Amino acid sequence: MDLSEVEKAVDDGRGYAAISVKTLRNAVGAARAKKNVVAEISAGLRAAGFGHVPFEIPKRQDRVVLLYRLGTGEGAALIAMVEAAHGDGEQANGAAGLLPTLLA
C-alpha cells in the first residue's frame, strides 16, 4: 500500500479509516517504524491533507491509527474538537466555533 492507497481507503471510509502502523510504514517504504520514520509518516499524512489519532504515531507496527481527511467528512467537526483538546489555545478557540455545528 502506498499513500495513494491510504487516500483511497480514507475516501472509501467516508472520510476516515483505521490503518495499521505496519501498513503506513510500508507505504513510505521503511523497514522499521523508528522515531524518524513515524515522524515522516505523520508529516506526509498532514501534507496530503490527513490527520491521525493517536496524535503521535506509535512505533509498534501492530498498532492501529485512525486517519481522517482534514476539514471534510462526517466526523471532521468531532475530530477537530478532539484535536483541540490536545492543542494550543488557538486550536481550542477555532474548535469552539465548531461546537454549534456539533450540537445542531
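**Arg 69, the sheet and helix H3 in a predicted model**

Arg 69 is found in strand S3. The model is a predicted one. Arg 69 counts as buried, because its relative accessibility of 17% falls under the 20% limit. Its side chain makes polar contacts with two acidic side chains. One is that of Glu 7, at 3.3 Å. The other is that of Asp 11, at 2.9 Å. Neighbours within four places in sequence aside, Arg 69 is in contact with Glu 7, Val 10, Asp 11, Gly 15, Ala 48, Gly 49 and Phe 50. Glu 7, Val 10 and Asp 11 fall within the range of helix H1 (3–12). Phe 50 falls within that of strand S2 (50–53).

The protein has six helices and three strands. Along the sequence they follow the pattern α-β-α-α-β-β-α-α-α. Of the 104 residues, 28% count as buried. Among contacts with a separation of 6 or more, 45% come from residues 24 or more positions apart.

The three strands form an open sheet in the order S1-S3-S2, with antiparallel pairing. Strand S1 (16–20) and S2 are the edge strands, and each pairs on one side only. Neighbouring strands are turned by 30° against each other on average, direction ignored. In general, strands of a sheet pair through backbone hydrogen bonds, either parallel or antiparallel. S1 and S3 pair in the antiparallel sense over five bridges. Ser 20 stands opposite Val 64 in S3.

Helix H3 lies across S2 and S3. Its direction is at about 135° to that of S2. H3 covers residues 35–47, which makes 13 residues. At 1.5 Å a residue, the helix should span 18 Å. The end C-alpha atoms are 18 Å apart, in agreement with that expectation. Val 37, Val 38, Ile 41 and Leu 45 are the buried residues of H3. Seen down the helix axis, the buried residues fall within an arc of 95°, so they line one face of H3. They pack against helix H1, helix H2 (21–27), strand S2 and strand S3 (64–69). The face turned away from the buried side carries the exposed residues Lys 35, Asn 36 and Ala 47.

Two backbone features lie outside the helices and strands just described. Gly 49 follows H3 and has a positive phi, near 95°. A cis peptide bond joins Val 53 and Pro 54, with omega about 5°. Pro 54 lies in the loop between S2 and S3. As a general background, most residues other than glycine have a negative phi, and most peptide bonds are trans.

The loop between H2 and H3 holds Ala 33. Ala 33 has a relative accessible area of 10%, and is buried because this value is under 20%. Its C-alpha atom is separated by 5.1 Å from that of Lys 59. The two residues are 26 residues apart along the chain. Beyond its neighbours within four places in sequence, Ala 33 is in contact with Val 21, Arg 25, Val 38 and Lys 59. Val 38 is also one of the buried residues of H3. Val 21 and Arg 25 fall within the range of H2.

Terms used. Residues numbered from 1 in each chain as written. Predicted model: local features only at pLDDT ≥ 70, side-chain atom pairs only at ≥ 80, totals over all residues. Heavy atoms only, no water. Helix = DSSP H or I, 4+ residues; strand = E, 2+ residues; numbered from the N terminus. Expected span 1.5 Å × (residues − 1). Buried < 20%, exposed > 50% of the residue type's maximum accessible area, 1.4 Å probe, protein only. Arc of directions from axis to C-beta. Contact = heavy atoms within 4.5 Å. Pairing = 2+ DSSP bridges. Axes fitted to C-alpha atoms, helices over the stretch in contact; angles between N-to-C directions. Polar contact = N/O pair within 3.5 Å; in protein donor to acceptor, adjacent residues only side chain to side chain.
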